[in-house]
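I set down here, in order, what I looked up in this entry. The notes begin with the chain as a whole and end at the metal site.

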Amino acid sequence: MQLYKNQHIKVYNSLTGKKESFKPITEGYVGMYVCGPTVYSNVHLGNVRTFMSFDMVFRYLKHLGYKVRYVRNITDAGHLENDADVGEDKITKKARLEEIEPMEIVQRYTVDFHNVLNQFNFLPPSIEPTATGHIIEQIELISTIIDNGFGYEVNGSVYFDVHKYNETNNYGILSKRKLEDLIHNTRALDGQSDKKNPQDFALWKKAEETHIMRWPSPWSDGFPGWHLECTAMSTKYLGEQFDIHGGGMDLKFPHHECEIAQNQAAKGKSPVNYWMHANMLELNGARMSKSTGNYINPAELLSGKNDILSKAYNPNVVRFFMMQSAYRSVLDLTDNGLLASEKGFNRLMNAVDDLDNLKASSTSSFDVKAWEQACYNAMNDDFNTPILIANLFEAVNHINGIKEGNTTITADDLETFKNAIHTFVFELLGLNNAKDSAEGPNKLSGAVELLIKLRQEARANKDFSLSDKIRDELAEVGITLNDSREGTTFSTN
Ligand code: AMP
Ligand code: ZN
């Protein structure tokens with residue numbers, strides 16, 4: 001096996017339940033697919049955490065020198081309420097409530113998603129395909145599944161025959177569920193009577209009269225099933241078999257289980273070598289989730305406008321907080337946790353700033369190469385970012401030691417040390433420079449406070465056109481002034 005930058009990665013594979021040596025199908029290339037958001041509402045911080053985990057994986061693989069094709073889709077059709085096979089499409093429902101076109105909902109929340117990811121310094125994926133852009137591929141896939149005997153049509157809808165599939169395959173191979181147990185535990189729901197069995201899932205749904213998002217197909221005017229889009233798009237851009245498939249833990253069943261079944265049924269192959277599942281972000285001890293209302297949006301966290309946290313946090317602090325926990329661990333979002341991360345982040349950034357002023361000596365009193373390899377070892381061990389960060393804090397101690405003259409480092413080692421710290425902090429963890437981040441909000445508030453003062457002076461001079469201009473033009477750039485008896489404060493949105 002060829003090594004990249006001499007590193008040997010082990011990945012925890014949810015399919016086998018083991019950490020396995022990572023070996024891509026094609027030497028030097030990695031194909032990675034991650035289920036993207038359903039763009040019917042603002043993303044919450046739980047969603048951000050999952051995408052950030054895979055942004056970190058993407059960054060590390062690229063850093064080692066792999067050519068990575070990272071596909072992260074946008075779900076803009078076919079995802080029904082409660083992740084079920086009956087009910088209203090999430091996007092159509094939102095469009096109906098807001099009395100606008102479904103595609104306006106899609107556009108609004110796709111833009112929001114991108115803005116949020118930019119705030120947290122994400123790298124863009126290589127391809128970001130949409131479900132509605134791949135209806136033809138999905139129809140072709142359904143035809144193949146029917147031809148192979150694993151799909152059947154009833155009243156214009158097409159379902160996947162889970163029982164038939166399970167005769168020759170293992171439905172439950174990923175989620176470790178057994179079909180008998182599923183049969184035992186599912187209740188036949190009203191409206192699902194078209195299916196041969198309640199465990200079957202929709203590949204194509206005939207659209208009701210009122211359903212706006214619809215496409216012609218051999219079976220009916222309708223829309224594709226939610227699980228199908230990921231199979232169609234991953235196959236199209238990464239092939240019938242590819243290296244890594246990621247998503248949140250909650251997608252393992254049924255979504256990813258169904259993806260495997262669809263690939264097996266259509267192509268006779270298991271599509272993915274390494275299934276990676278990111279664990280959940282919690283709030284108040286329960287999973288953050290839109291449907292239960294237990295969530296906080298990035299904008300609320302970054303502006304401080306929420307009832308949960310004591311203050312606003314910088315996106316880099318939030319990123320650091322998330323990276324301080326391993327992607328496979330549950331993480332609870334708390335004020336204390338964020339405050340501690342803020343302290344740690346500032347300490348790290350101060351040390352990074354100090355790097356430029358360090359003086360070299362004729363000998364090194366610590367082994368820089370061994371320290372650097374310890375950082376790599378952390379990342380090689382299933383992307384263990386908290387251990388990497390522990391190593392970075394060890395580097396902070398070395399930096400302080402060099403500053404105070406208790407530790408020595410040669411010029412060559414100092415060069416290696418600086419480069420490694422920059423690589424791990426900025427390139428791999430995706431953090432931004434301390435000067436831009438830690439002081440950014442203070443600069444903004446300093447400038448806005450000045451404008452508030454000028455506005456007060458304008459009002460005192462009865463120059464209301466100037467005072468209104470200041471308020472209105474700040475509002476245009478997303479800064480709202482709030483007047484009260486105690487004075488004027490501002491908020492950003
Ligand atoms: P959705 O838009 O609901 O399909 O979710 C987008 C992604 O966010 C999926 O990969 C989910 O698994 C993930 N996700 C949803 N809730 C959470 C959470 N509380 N913590 C971490 N990831 C989550
Ligand atoms: Zn998916």
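How much area does the chain expose, and what share of it do carbon and sulfur atoms supply? I noted an exposed area of about 22300 Å², with 47% of it supplied by carbon and sulfur atoms. The model is a predicted one, and I read every value below as computed from it.

Overall build. I recorded 17 helices and 15 strands in the chain. I then took the extent of the C-alpha trace, which spans about 75 × 70 × 35 Å along its principal axes. Of the 493 residues, 52% are buried.

Contacts. I looked up the contacts in the chain with a separation of 6 or more; residues 24 or more positions apart account for 73% of them.

Charges. I found 51 positive and 65 negative charges in the chain. Their mean positions lie 3 Å apart.

Zinc site. Which protein atoms are the donors of the zinc ion (ligand 2)? I listed SG of Cys35, SG of Cys230 and NE2 of His255, at 2.0 to 2.2 Å from the ion. The spacing of these donor residues in sequence is C-x194-C-x24-H. Cys35 and Cys230, 195 residues apart, link distant parts of the chain. I placed Cys35 in the loop between strand E3 (29-34) and helix H1 (45-64), and Cys230 in helix H7 (residues 226-238).

Burial at the site. Are Cys35 and Cys230 buried or exposed? Cys35 has 6% relative accessibility and therefore counts as buried, the cut-off being under 20%. Cys230, with a relative accessible area of 1%, is buried too.

Terms used. Residues are numbered from 1 along each chain as its sequence is written. Chains are lettered from A and ligands numbered from 1 in the order in which they are written. This is a predicted model: local features need pLDDT of at least 70, side-chain atom pairs count only at pLDDT 80 or more; totals for chains, interfaces and linings use all residues. Side-chain values use heavy atoms; hydrogens and water are left out. Helices (H or I, at least four residues) and strands (E, at least two) are DSSP runs, numbered from the N terminus. Buried means under 20% relative accessible area, exposed over 50%, partly exposed in between (1.4 Å probe, protein chains only). Contact means heavy atoms within 4.5 Å. Accessible areas come from the Shrake-Rupley method with a 1.4 Å probe; for residues, only the protein chains shown count as cover. Lys and Arg count as positive and Asp and Glu as negative; His and the chain ends are not counted. The place of a charge is taken as NZ of Lys, CZ of Arg, CG of Asp or CD of Glu. Donors are N, O and S atoms within 2.8 Å of the metal (3.2 Å for Na, K and Ca); water is not among the atoms, so sites may look incomplete.
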